[in-house]
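Visitor: I have the sequence and the coordinates open. Could you take me through this one, question by question?

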Amino acid sequence: MKVHATTSDEELLRLMMAGDEDAFVSLYRRRQGGVYRFALRMSGSESVAEDVTQEVFIALMRKPEVYDQKRGSLNTWLYGIARNQVLRLLHRDRPYVAMPEDADGGEWPAHETLIADDDPLGDLTRNETIGAVRQAVLALPEHYREVIVLCELHEMNYAEAAEVIGCPIGTVRSRLNRGRALLVEKLKSVSRATVAAEGVVSLRYAL
Amino acid sequence: MNCQEFEKITADLSRERMMDAGVRADGLGHAAACKGCAARLADEQSLTRGLRALAATTGSGEAPAHVETALRAAFRGQAAREQVAVEQFATARTAFVGDGPQLAVRAIRQLPPSWRWWVAAAAILILAAMIVPRLMQAPSPKKDEHIAEAPAPPVTPGQNKQNDSPAPQPVRNDESLPGVTENPGFQKASSGNGIRRNSIPPRHRPALARNDRNTPSPTPTVDEVYSDFIPLGSGDQIPMESGHLMRVRMPRSVLPTFGLPMNVERANEPIRAEVLVGDDGMARAIRFANYVPGRTPR
């Protein structure tokens, strides 16, 4: 397969539209990770993330002419499609989506690189904390969750997130502040419950 | 800075994003003096650490390999689906001739889906009823006169006939091309209209063309004639500045969908065609190779 390491997204798209399969594959490999992780973080489900990733790139190959370079980057356009697909799937499957009940639940795999040999207790606490944050994010209303995922987990700036969501930058900023406040409240309640049940340190110190 | 103003910048402070240095200093000064805001900032900083840890846990997640495999297969099948779409558009397009084809297509789009097929079918029948008798009554050819008007250029043996060379002109062939000069609906192959012929390298052509590797290559022959270009698409596309011709093989049964008669005895045999594709990847028009009414296309 021809490698398009330095070719721009837009050039790859043009080649893809001319029938170049290698260009399509290069574009897919370059952008699928972000799309997949966004869908995973929004839904908490690997199967949903797979479906969304597939749908995003099928949409790209079927209607590439819809993309308008003047309105933003191809990457944010793909995120926008992914966002619509995630919301569609979540709304369709809402009665059947099960949120993880504890820190060990859910489909997100533990990341081995975060576990250090010299401080197992500290790392255990850290993994529990990560689980609590993950649950709190998944429990947010969708319009707050997507902003948190884009700005905090994908490190997009306000303008990029606004492109993905299709709203003004000010809306992104206000939703981010409100979403973070909700997360703080949620995690505080988790921390209080943990302290009461197990007598462990507060969430603040665990983090 | 008061507490209300501090709250507006708390997230940016805790996320350590770029912000005005003066505002940052004011905010941190306020937090040092206000216990409530200091606690709020500490909470936000804890949240930021938690979110970054969460981001790290899934920072390398990627879609499974089978997704790529499925997408590659879908890409290869895309050309076939485009062919179906082209036929559907052509059906609507050729069903309406005259000054308002775009309006007609828009009107069809506004109909309920089930009605569209009936309208398209009725239009095809009407068009076929109009065209077929006219084609059947076409007078016999005056080949010699026409050939004299457009002498064939010399064709050098071994010359690359496919890329960038002047398109081959038809040569006199009384046995194979009767009626060509007399029928205004058909013309000789020519690339003198600014269209790049096969300008995309063979390996970059869509799957439809690549899938034809096992069959004889559709290398142009010196005596090919083509029908006129038949427009495709909805008519509201961006005007094409340049494009290229893509050679394809299609079932002969598609001819009626373009308002052209078909030799029923050879309905199962493929027919060669050239699709005019704009640089935006959209199919704009199609013409059929060696299609001569009343004769068997090769």
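Visitor: Is E155(A) buried or exposed?
Guide: Happy to start there, and please keep in mind that this is a predicted model. E155(A) sits in the loop between α6 and α7 of chain A. The cut-off for the exposed class is 12 or fewer other C-beta atoms within 10 Å. E155(A) has 12 such neighbours inside 10 Å, so the class is exposed.

Visitor: What is the phi of E155(A) near?
Guide: Most residues other than glycine have a negative phi. E155(A) is a residue other than glycine with a positive value, and its phi is near 55 degrees.

Visitor: Which residue follows α7(A) with a positive phi?
Guide: Helix α7 of chain A covers residues 158-165, and its buried residues include E160(A), A161(A) and A162(A), along with E163(A) and V164(A). Just beyond α7(A), phi is positive, near 80 degrees, and the residue there is G166(A).

Visitor: Where is the kink in α2(A) centred?
Guide: Helix α2 of chain A spans residues 21-43. Of its 23 residues, 18 are buried, so α2(A) is largely enclosed by the rest of the structure. The helix bends by about 45 degrees, and the centre of that kink is R31(A).

Visitor: Which residue just after α2(A) takes a positive phi?
Guide: We can stay with this helix and step off its end. The phi there is about 75 degrees, and the residue just after α2(A) is G44(A).

Visitor: What is the angle between α2(A) and α6(A)?
Guide: Helix α6 of chain A runs over residues 142-153, and its axis is 10 Å from that of α2(A). Angles from 65 to 115 degrees would count as roughly perpendicular and those over 145 as roughly antiparallel. The packing of α2(A) on α6(A) is oblique, with an angle of about 135 degrees.

Visitor: How many charged residues are in the contact of α2(A) with α6(A)?
Guide: The α2(A) side brings F38(A), R41(A) and M42(A), while α6(A) brings R145(A), E146(A), V149(A) and L153(A). The helices pass each other in a right-handed crossing. By class, the contact has 4 nonpolar residues, no polar ones, and a charged count of 3.

Visitor: Now to the two chains: which helix gives the most to the side of chain B that touches chain A?
Guide: The contact draws 41 residues from chain A and 35 residues from chain B. In chain B, α3 (35-57) and α4 (65-76) each supply at least two residues of that side. With 13 residues, the helix that gives the most is α3(B).

Visitor: How many residues on that side of chain B are nonpolar?
Guide: Sorting the residues by class answers this. On the side of chain B that touches chain A, 8 are polar and 9 are charged, while the nonpolar number is 18.

Visitor: Why is α3(A) called roughly parallel to α4(B)?
Guide: Helix α3 of chain A covers residues 46-62, and its axis lies 10 Å from that of α4(B). Angles under 35 degrees count as roughly parallel. The two helices pack at about 25 degrees, and that makes the relation of α3(A) to α4(B) roughly parallel.

Visitor: How many charged residues does the contact of α3(A) with α4(B) have?
Guide: From α3(A), the residues that take part are E50(A), T53(A), Q54(A), F57(A), I58(A) and M61(A), and they meet V67(B), A70(B), L71(B), A74(B) and F75(B) in α4(B). The crossing of the two helices is right-handed. The contact has 8 nonpolar and 2 polar residues, and its charged count is 1.

Visitor: What separates the C-alpha atoms of D51(A) and Q85(A)?
Guide: D51(A) is found in helix α3 of chain A. With 17 other C-beta atoms within 10 Å, D51(A) is partly exposed. Q85(A) is 34 residues from D51(A) along the chain, and their C-alpha atoms are separated by 8.8 Å.

Visitor: Is A31(B) buried or exposed?
Guide: A31(B) is in helix α2 of chain B, residues 21-33. Beyond its neighbours within four places in sequence, A31(B) is in contact with F6(B), C37(B), A38(B) and L41(B). The cut-off for burial is 20 or more other C-beta atoms within 10 Å. A31(B) has 21 such neighbours, so the class is buried.

Terms used. Residues numbered from 1 in each chain as written. Chains lettered and ligands numbered in written order. Predicted model: local features only at pLDDT ≥ 70, side-chain atom pairs only at ≥ 80, totals over all residues. Contact = placed C-beta atoms within 7 Å. Helix = DSSP H or I, 4+ residues; strand = E, 2+ residues; numbered from the N terminus. Nonpolar A, V, L, I, M, F, W, Y, C, P; charged D, E, K, R; others polar. Axes fitted to C-alpha atoms, helices over the stretch in contact; angles between N-to-C directions. Left-handed = near helix turned anticlockwise from the far one by under 90°. Bend = angle between axes of the 7 residues up to and from the residue.
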